[in-house]
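Let's walk through this model together, one link at a time. Keep the structure open beside you as you read.

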Amino acid sequence: MKASSLAAVAAAVLVAAACSGRAPVAEATIESTCGAAAKGDRRVDVGFCARQFASYHGAAEADAWGLAKIAALIGVNLADDAVFDIGAGKIRPSPGGGAKGDKAMDACAKAYDAVGVAFAEAADELGSRRYAAARQELARVAALVQRCDGGLSRAGARSPLPRYSADCQQVAIIGIAITNLLK
């Protein structure tokens, strides 16, 4: 094909796109979406956001809506990991908690199970494009995680789950912030 023919084809494509009545779609990247989320909510850790999505299959090709759903699915995985680690005895309360610490750990397993359900329900709501309902589900995460940490504290045990607590809360914040970008 000659250069003039290629130019004509390119011009025809541009004219067709211009006449379609649709605005050009801005290409969202993980970094740009995490950055935009951080501009909307200063609690978003852009580095953490980018690392979480970079390790998730399919995230690089996702738009903001897809990334919001992926954030919820990452949250499900984190909560499930916490429940598994508690149940398998990989995470134990600090010494000094005794029977109360063990009881508090059982309550933590239930709290993290509820965290996983909240993230899963948020993913369902996002899939149906019910953004307000998704934000409500994601907002439940902080209280559920704090219920676990508070119960351990009252039992006289330090929480052995600080990474899970922080990561679940940060993923919920990221999910809400990205959802706020959607129209």
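Start with glutamate 121 and arginine 140, whose side chains meet in a salt bridge at 3.6 Å, N to O. Glutamate 121 sits in helix H5 (residues 98-127) and arginine 140 in helix H6 (residues 131-154), so this pair ties together parts that are 19 residues apart in sequence. Bear in mind that you're looking at a predicted model.

How exposed are the two partners? Glutamate 121 is partly exposed, with a relative accessible area of 32%, and arginine 140 is partly exposed too, at 34%.

That pair is one piece of a wider picture, since the structure holds 5 salt bridges. Another one joins the side chains of arginine 130 and glutamate 125, with N and O 2.5 Å apart. Here the partners fall into separate classes: arginine 130 is partly exposed, with a relative accessible area of 45%, whereas glutamate 125 counts as buried at 17%, because the cut-off for buried is under 20%.

Now move over to helix H7, where aspartate 167 and arginine 163 both lie, 4 residues apart, or about one turn of the helix. In an α-helix there are 3.6 residues a turn, so residues three or four places apart point the same way. Aspartate 167 forms a salt bridge with arginine 163, and their closest N and O atoms are 3.4 Å apart. Aspartate 167 is buried, with a relative accessible area of 14%. Back at our starting pair, salt bridges with shared partners join Glu121, Glu137 and Arg140 into one network.

Next come the disulfides. How many does the structure hold? There are 2 disulfides, and with bonded cysteines counted along the chain, they follow the pattern 1-2, 3-4. Cysteine 108 and cysteine 148 form one of them, with their sulfur atoms 2.0 Å apart. This pair links distant parts of the chain, with cysteine 108 in helix H5, cysteine 148 in helix H6, and their positions 40 residues apart. So H5 and H6 are joined by this disulfide as well as by the salt bridge between glutamate 121 and arginine 140. Cysteine 108 and cysteine 148 are buried, and their link is right-handed, with 95° about the S-S bond.

The other disulfide joins cysteine 34 to cysteine 49, S to S 2.0 Å. Again the pair links distant parts of the chain: cysteine 34 belongs to helix H2 and cysteine 49 to helix H3, 15 residues apart. With -75° about the S-S bond, this link is left-handed. Cysteine 34 and cysteine 49 are both buried.

Stay with H3 for a moment. Its buried residues are Phe48, Cys49, Ala50 and Phe53. What do they pack against? The buried residues of H3 pack against helix H2 (30-40), helix H4 (64-87) and helix H7 (162-179). At the start of H3, a side-chain oxygen of aspartate 45 reaches to within 3.1 Å of the backbone nitrogen of glycine 47.

Finally, look at threonine 33 in helix H2. Threonine 33 is buried, with a relative accessible area of 4%. A polar atom of its side chain lies 2.9 Å from the backbone oxygen of threonine 29. Threonine 33 and alanine 177 are 144 residues apart in sequence, and 9.6 Å apart in space, C-alpha to C-alpha.

Note on methods
Residues are numbered from 1 along each chain as its sequence is written. This is a predicted model: local features need pLDDT of at least 70, side-chain atom pairs count only at pLDDT 80 or more; totals for chains, interfaces and linings use all residues. Side-chain values use heavy atoms; hydrogens and water are left out. Buried means under 20% relative accessible area, exposed over 50%, partly exposed in between (1.4 Å probe, protein chains only). Helices (H or I, at least four residues) and strands (E, at least two) are DSSP runs, numbered from the N terminus. Contact means heavy atoms within 4.5 Å. A polar contact is a pair of N or O atoms within 3.5 Å; within protein, one must be able to donate a hydrogen and the other to accept it, and residues adjacent in sequence count only if both atoms are side-chain atoms. A salt bridge is a side-chain nitrogen of Lys or Arg within 4 Å of a carboxyl oxygen of Asp or Glu. A disulfide is a pair of cysteine sulfur atoms within 2.5 Å.
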